[in-house]
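Student: Got a minute to go through this structure with me? I'd like to start with how the helices pack.
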Amino acid sequence: MYYSKWFGLFFLAAAACSGTTETTELADSRAEPLAASSASGVVPSGLPARVVVGLFEDSGQTWMKDSGARWDVRYRYFTKGWVNNWGWSANDGSWGLDYLNESAQQGYLPAVQYYQIVGEAGGGESATLQKVQTASTMRSYFGDFKILMQRVKDFGKPTLVLLEADAVGFLEQQSNENPNTYAAIAASGMPELAGLPDTVAGFGLAYLKLKQAVGASNAILGLHVSAWASSKDIASYSVTDPLGPEVDKVYNFLAPMGLTNNVTGTQYDVLVGDPLDRDADYYRVVQGSDRMWDPSDSASINSRSFNRYAEWLKLWNQKAAKRWVLWQIPLGNSNHKNVWNNGGPAEGYKDNRPEYFFANGTSHIAKFADSGVIGLLFGAGASGQSSYQNDTYTDGQLFMKSRAGAILNAGGVPISTGGGTPPPPAACTAVNGTGSGLRGEYFASKNLTRSTLTRVDPNVDFSWGSAAPNSALPADRFSARWTGQVSPRFSGSTTFYTVSDDGIRLWVNGQLLIDNWTDHGTTENSASITLTAGQKYDLKLEYYEATGGAVSRLLWSSACEAKQAIPKAQLYPASK
Ligand SMILES: [Ca+2]
Ligand SMILES: [Ca+2]
């Protein structure tokens, strides 16, 4: 339980954080033994066991490939209109698939910064909530996103999809950080979204639902976490406020959007952050606002510093148990001329992030990995800013190409939990079953009479929407009973979940665990029971549909296993 040791350390420091000495000691104490191993959460499946480094590069460009540096990730924005190539292609997302394929052909994992809401009709950034509350806008918006998921599925390789930087922050502001604020999600009329709440939280869940409905399991979805939308900009201005309360506040808003268990049964894979959208000295020179971070390893976390940002990332990492991808990291270095970038050598504004990460070995990358960071994506967030094409350094070399390139070509910086699976606790010994599912008997009535159809269902994971389960059954007023045995893979407390629309009740080992035999919209119920791995227990699940949408799902989780539909191999059908 080394996390508790961590929290202990943190609170100790927080209690004494009026000076910098304690913070320095904290930084020192964590540097060696814990290294990158103290980050919480799993590295999403399909990502390598190192901190991936990438660049913004537009369709058709080959600078990254020509550079000879082993970049990992290539990203670009997908803005409103992408789905039909702004009128130049069919309305099928093929332009997007081309970008994914082009990136893969050049050896890169593609990343999409999905940035479409601001381009939807109805106003600018200040109208974000209003757009999300407009059913027709949401129907067309999520229609486009569904097409993205279909093309990502066609692509078939891991794809980072970073969702709506800025827009999520504006929703946070415009809803006064209330995730239950109305949004037109089920109300959009999109069939896949029928079971989701009409709330801002439901807006976040809609992306998860569409990924799941399309089956784009290779899409790695990232939810943007704003460092400014809580009314405190913790990275640039509110730099002495304690970080914990700010993290808690924003987490409470974002968690129901899909950072924790929810009705879709899935969650976001990563958190997404943006350290700053322009070079720091652009703000100083042009706007008179100093946003440069102190790069010193002994800087207080209560100062405008890399240490403070890393601490914020770490608190989030531990709270949400998810890794971070940072994107749109500015490209300025200390040799830039602090002028508008017209493409001449060293034109653009000074920043210190590339030097922080790449000019002094790899310890700073490792430090950020320790805070949960698994990806560093660099790119100018606006025109006139520094760029990797002309970031000429004091040695006459292009900085990113020569410095980041050297680190990447030497293999990069490793991270702890590679391979996409969490390290199981020692006690988690799996006993895999050989089952084939449950006997499913379906009835043409609400009350388990008029038996109409019997079959073996590999599992119970149905979302029939407004359709019938089978042509022999009606779309409304039907019911079903699944019977057989369940065999847990792991010993200990197992939590069973039903997700149903409408009524449901579940017995395990003769015990009535869940009883919600009422008309209702999609609802999750859960209960826990202690079971022994490999042993078979009687299971009975009864369900009825009244009218409208129909959902029936049976899931489980335990300390050793993430929440998921109970797999076929662990279910044995009753013979009659
Ligand atoms: Ca129905
Ligand atoms: Ca219903």
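Tutor: Sure. The axes of helix 6 and helix 8 come within 9 Å and cross at roughly 45°. Keep in mind that this is a predicted model.

Student: Which residues of helix 6 and helix 8 make the contact?
Tutor: Helix 6 brings Phe-142, Phe-145, Lys-146, Met-149, Gln-150 and Lys-153. Helix 8 answers with Ala-206, Tyr-207, Leu-210, Lys-211 and Val-214.

Student: What do we call the orientation of helix 6 and helix 8?
Tutor: Oblique. At roughly 45°, the pair falls outside the roughly parallel class, which takes angles under 35 degrees.

Student: And which hand does the crossing of helix 6 and helix 8 have, left or right?
Tutor: Helix 6 passes helix 8 in a right-handed crossing.

Student: Let's stay on helix 8. How many residues does helix 8 have?
Tutor: Helix 8 has 15 residues, 200–214. From first C-alpha to last, helix 8 reaches 22 Å. That is close to the 21 Å expected at 1.5 Å a residue.

Student: Where is the kink in helix 8 centred?
Tutor: On Ala-206. The kink is about 30°. Ala-206 is also one of the helix 8 residues that contact helix 6.

Student: Why is helix 8 described as largely enclosed?
Tutor: Because 12 of its 15 residues are buried, helix 8 is largely enclosed by the rest of the structure. The cut-off for buried is 20 or more other C-beta atoms within 10 Å.

Student: Which residues in helix 8 are buried?
Tutor: The buried ones are Val-200, Ala-201, Gly-202, Phe-203, Gly-204, Leu-205, Ala-206, Tyr-207, Leu-208, Lys-209, Leu-210 and Lys-211. Note that Lys-209 and Lys-211 are among them.

Student: What covers the buried residues of helix 8?
Tutor: The cover includes helix 5 (128–132), helix 6 (135–155) and helix 7 (167–174). Strand 4 (159–163) and strand 5 (219–224) are also included.

Student: What happens just after helix 8?
Tutor: Gly-215 takes a positive phi there, about 85°.

Student: Back to helix 6. At what angle do helix 4 and helix 6 pack?
Tutor: About 35°, with the axes 9 Å apart. Helix 4 covers residues 94–105. The crossing of helix 4 and helix 6 is right-handed.

Student: Which residues meet between helix 4 and helix 6?
Tutor: From helix 4, Gly-96, Leu-97, Leu-100 and Asn-101. From helix 6, Leu-148, Arg-151, Val-152, Asp-154 and Phe-155.

Student: New pair. How far apart are the axes of helix 9 and helix 11?
Tutor: 10 Å, at an angle of about 45°. Helix 9 is residues 243–254 and helix 11 is residues 306–320. The two are therefore oblique to each other. Helix 9 passes helix 11 in a right-handed crossing.

Student: Which residues in helix 9 and helix 11 meet?
Tutor: Leu-243, Gly-244, Val-247 and Tyr-251 in helix 9. They meet Glu-311, Trp-312, Leu-315, Trp-316, Lys-319 and Ala-320 in helix 11.

Student: OK, loops now. Where does Asn-390 lie?
Tutor: In the loop between strand 8 (373–378) and helix 14 (399–409). Gln-389 has its place in the loop between strand 8 and helix 14 too.

Student: Is Asn-390 buried or exposed?
Tutor: Partly exposed, with 18 C-beta neighbours inside 10 Å. Gln-389 is partly exposed, with 18 other C-beta atoms within 10 Å.

Student: What is Asn-390 in contact with?
Tutor: Leaving aside neighbours within four places in sequence, Asn-390 contacts Gly-343, Gly-344, Pro-345, Ala-346 and Glu-347.

Student: Any odd backbone? What is phi at Arg-450?
Tutor: Positive, about 65°, although Arg-450 is not a glycine. Arg-450 sits in the loop between strand 9 (438–443) and strand 10 (451–457). Arg-450 counts as exposed, with 12 C-beta neighbours inside 10 Å.

Student: And what about phi of Arg-477?
Tutor: Near 55°, again positive in a residue other than glycine. Arg-477 is in the loop between strand 11 (461–465) and strand 12 (478–486). Arg-477 is partly exposed, with 15 other C-beta atoms within 10 Å.

Student: Last one. Is the peptide bond from Asp-501 to Asp-502 cis or trans?
Tutor: Cis, with omega near 20°. Asp-502 lies in the loop between strand 13 (492–501) and strand 14 (504–508).

Notes:
Residues numbered from 1 in each chain as written. Chains lettered and ligands numbered in written order. Predicted model: local features only at pLDDT ≥ 70, side-chain atom pairs only at ≥ 80, totals over all residues. Helix = DSSP H or I, 4+ residues; strand = E, 2+ residues; numbered from the N terminus. Expected span 1.5 Å × (residues − 1). Bend = angle between axes of the 7 residues up to and from the residue. Contact = placed C-beta atoms within 7 Å. Axes fitted to C-alpha atoms, helices over the stretch in contact; angles between N-to-C directions. Parallel < 35°, antiparallel > 145°, perpendicular 65-115°, else oblique. Left-handed = near helix turned anticlockwise from the far one by under 90°.
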